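Trainee: I would like to learn how to read charged pairs and the nonpolar interior in a structure that is new to me. Could we go through them together, one feature after another?

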Amino acid sequence: MEKLTHQEEIIMQHIWQLQECVVKDIVNAMDEPKSPYTTVASVVRNLEQKGYLNSKKYGNVYVYSPQIIEDDYKKYFMSNVVKSYFEDSYKELVSFFVKEEKISPEELAEIIQMIEKGKKC
């Protein structure tokens, strides 16, 4: 799986939400200021070439749907972030957020509960 650019990720998030769409649907779903139609169409073609999208042609219109599941991309992306920036340690990742005060003690306690419940399953 190839890493997506920031622009590709934004467009993929819209496609994952829409499930089946044409380029115009993606543009309409975007926040202001919207990217130009031609830019979105170009990014969509790149995503298809990278294997992230399926397409079907109906007359003159292509309908796109995700070929990669959003959760699969998240797992891939996060494991690469942890590997590249946190010495392949999720403990280091959580530690970073604690030091940066991006996670509260309450949230950390919730995470610990989730881990403990996961061990029991």
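Mentor: Let us begin with one charged pair, keeping in mind that this is a predicted model. K50 forms a salt bridge with E8, and their closest N and O atoms are 2.8 Å apart. The two residues come from distant parts of the chain, since K50 sits in the loop between helix 3 (37–49) and strand 1 (53–58), whereas E8 belongs to helix 1 (residues 6–18), 42 residues apart.

Trainee: Is E8 buried or exposed?

Mentor: A residue counts as buried when its relative accessible area is under 20%. E8, with a relative accessible area of 5%, is therefore buried, while K50, with 27%, is partly exposed.

Trainee: Which residues are linked with E8 in a network of salt bridges?

Mentor: When reading such pairs, look for a residue that turns up again. Here E2, E8 and K50 are linked in a network of salt bridges.

Trainee: How many salt bridges does the structure hold?

Mentor: The structure holds 4 salt bridges. One of them joins the side chains of E9 and K3, with 3.1 Å from N to O. E9 in that pair is buried, at a relative accessible area of 16%, whereas K3 is partly exposed, at 43% relative accessibility.

Trainee: How far apart are E70 and K74 in helix 4?

Mentor: With two residues in one helix, compare their places along the sequence. E70 and K74 are 4 residues apart in helix 4 (residues 70–85), which means that about one helical turn separates them. They form a salt bridge whose closest N and O atoms are 3.9 Å apart, a value that falls within the 4 Å cut-off for such a pair. Both residues are partly exposed, E70 with a relative accessible area of 31% and K74 with 44%.

Trainee: Turning to the interior, which residues have the most contacts inside the largest nonpolar core?

Mentor: For a core, ask which residues hold the most contacts and which elements supply them. The largest nonpolar core has 20 residues, and those with the most contacts inside it are I11, M12, I15, V40, V44 and L47. Helix 1, helix 2 (23–29) and helix 3 each supply at least two residues of this core, and helix 3 gives the most to it, with 5 residues.

Trainee: What is V40 in contact with, leaving aside its neighbours within four places in sequence?

Mentor: Setting those neighbours aside, V40 is in contact with I11, V23, I26, V27, M30 and S35.

Definitions and conventions:
Residues numbered from 1 in each chain as written. Predicted model: local features only at pLDDT ≥ 70, side-chain atom pairs only at ≥ 80, totals over all residues. Heavy atoms only, no water. Buried < 20%, exposed > 50% of the residue type's maximum accessible area, 1.4 Å probe, protein only. Core = buried A, V, L, I, M, F, W, Y, C linked by side-chain atoms within 4.5 Å. Contact = heavy atoms within 4.5 Å.
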